[in-house]
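User: Please take one part of this model and look at it closely. Describe what it pairs with and what surrounds it, then place it within the rest of the chain.

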Amino acid sequence: MSLTLSEVTCRYGQLTAVDRVDLMVRDGERHAVIGPNGAGKSTLLALIAGTVRPSTGRVLLDGRNLGATGPARRARAGIARTFQQPAVAASLTALDNVALAAWPRADLRGFWRPSRYRALRAGALDWLDRVGAADLADRPAGQLSHGQRRLVELAAALAGRPRLLLLDEPAAGLTDTESARLIAVLAGLPAEVAVVLVEHDLAFVGALAGRITVLHEGRVLAHGTPAAVGADPQVRSVYLGSREL
């Protein structure tokens, strides 16, 4: 899997949220996008996921221009996304949220039968266990804490067997234990699964990302390894300050 953004711009009236951004994410890469609030980070994820269309520029997956391809078709192509506010079905249990997400890409698709549902639930329970949330399986998602819903949302995204996983502030609202578990889960993903994450928790970014892109006012300010980005004077001036990657 390879993702390429070429001169991608997104405008809302007079506001330019993303300004001529170039980005390349290679197969299996763990790539972080960081920067101040309002830098265009979440909009960038939306442009990749297809929920927002670029004003100009191209988004390519494996060399194919996604163009007007909507989020549903991009999901079927292997792009999964989580959100700043976890997107779960409040009335369903955690387990059924994950099973529902797995259904479109399951080998068991076809007529709905109890045996198919049992197989989906077994796989869903495995994903909940991988993210450390198996004990939440039978609880309605609407009764879970913010951090717990975030883990359920991640399990649901992974259950769809993505090739590219987009994470919008995945560590927000997690305890230190949950955050450490999440880092282990993401680090242990199959080598062919690429991850693009937007995050303010620099310890989380430093533990996971091999490459970092810094956005500022919609533009790429810096791009490179954590060490190179952390030493960049402009990045330190507009975002990092005294903090370390």
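Analyst: Strands β3 and β9 run parallel and are joined by 4 bridges. Pairing of two strands requires that DSSP find at least two bridges between them. Strands are DSSP runs of E with at least two residues, helices are runs of H or I with at least four, and both are numbered from the N terminus. Within this pair, Val33 of β3 has Thr213 of β9 as its bridge partner. β3 is also joined to β8 by 4 bridges, and these two strands run parallel as well. Here His31 stands opposite Val196 in β8.

The model is predicted, so local features need pLDDT of at least 70 and side-chain atom pairs count only at pLDDT 80 or more, while totals for chains, interfaces and linings use all residues. Residues are numbered from 1 along each chain as its sequence is written, and side-chain values use heavy atoms, with hydrogens and water left out.

β3 is largely enclosed by the rest of the structure, because 5 of its 5 residues are buried. Buried means under 20% relative accessible area, exposed means over 50%, and partly exposed lies in between, with a 1.4 Å probe and protein chains only. In a regular strand the side chains alternate between the two faces of the sheet. In β3, Arg30, Ala32 and Ile34 point one way, His31 and Val33 point the other way, and all are buried.

Arg30 deserves its own paragraph. This arginine belongs to strand β3. What is the nearest side chain of opposite charge to Arg30, and how far away is it? It is Asp27, at 7.8 Å, and Arg30 is buried yet has no salt bridge. For charge, Lys and Arg count as positive and Asp and Glu as negative, with His and the chain ends not counted; a salt bridge needs a side-chain nitrogen of Lys or Arg within 4 Å of a carboxyl oxygen of Asp or Glu. Apart from neighbours within four places in sequence, the residues in contact with Arg30 (heavy atoms within 4.5 Å) include Leu186, Pro190, Val193, Ala194, Leu208 and Arg211.

The sheet around β3 is open and has 6 strands, in the order β6-β7-β8-β3-β9-β10, with mixed pairing. β6 (79-81) and β10 (219-224) are at the edges with a single partner strand each, so one side of each has no neighbour in the sheet. From one strand to the next the twist averages 15°. At the β6 edge, 3 bridges join β6 to β7 (residues 164-168), and the two run parallel; one bridge pairs Ala80 with Leu165 in β7. Helix α1 (residues 41-49) packs on the sheet, where it touches β3 (30-34), β6, β7, β8 (194-198) and β9 (211-216), and its direction makes about 150° with that of β7. Axes are lines fitted to C-alpha atoms, for helices over the stretch in contact, and angles run from 0 to 180 degrees between N-to-C directions.

The salt bridges lie elsewhere. A search of the whole structure finds 6 of them. Asp19, Arg20 and Arg219 are linked in a network of salt bridges. Arg20 meets Asp19 at 3.0 Å, N to O, and Arg219 meets Asp19 at 2.7 Å, N to O. Arg219 lies in β10 and Asp19 in β2 (residues 15-25), so this second pair ties together parts that are 200 residues apart in sequence. Asp19 counts as buried at 14% relative accessibility, whereas Arg20 is partly exposed at 46% and Arg219 is partly exposed at 45%. Another salt bridge joins Asp126 and Arg130, whose closest N and O atoms are 3.0 Å apart. Both residues lie in helix α4 (residues 114-130), 4 residues apart, about one turn of the helix.

For the chain as a whole, the secondary structure comes to 9 helices and 10 strands. Of the 245 residues, 49% count as buried. Among contacts between residues at least 6 apart in sequence, 66% join residues at least 24 apart. The C-alpha atoms fill a box of roughly 55 × 40 × 35 Å along the principal axes. The radius of gyration is 18 Å, which agrees with the value near 18 Å for a compact globule of 245 residues; the radius is taken over C-alpha atoms, and the globule rule is 2.2 Å times the number of residues to the power 0.38.
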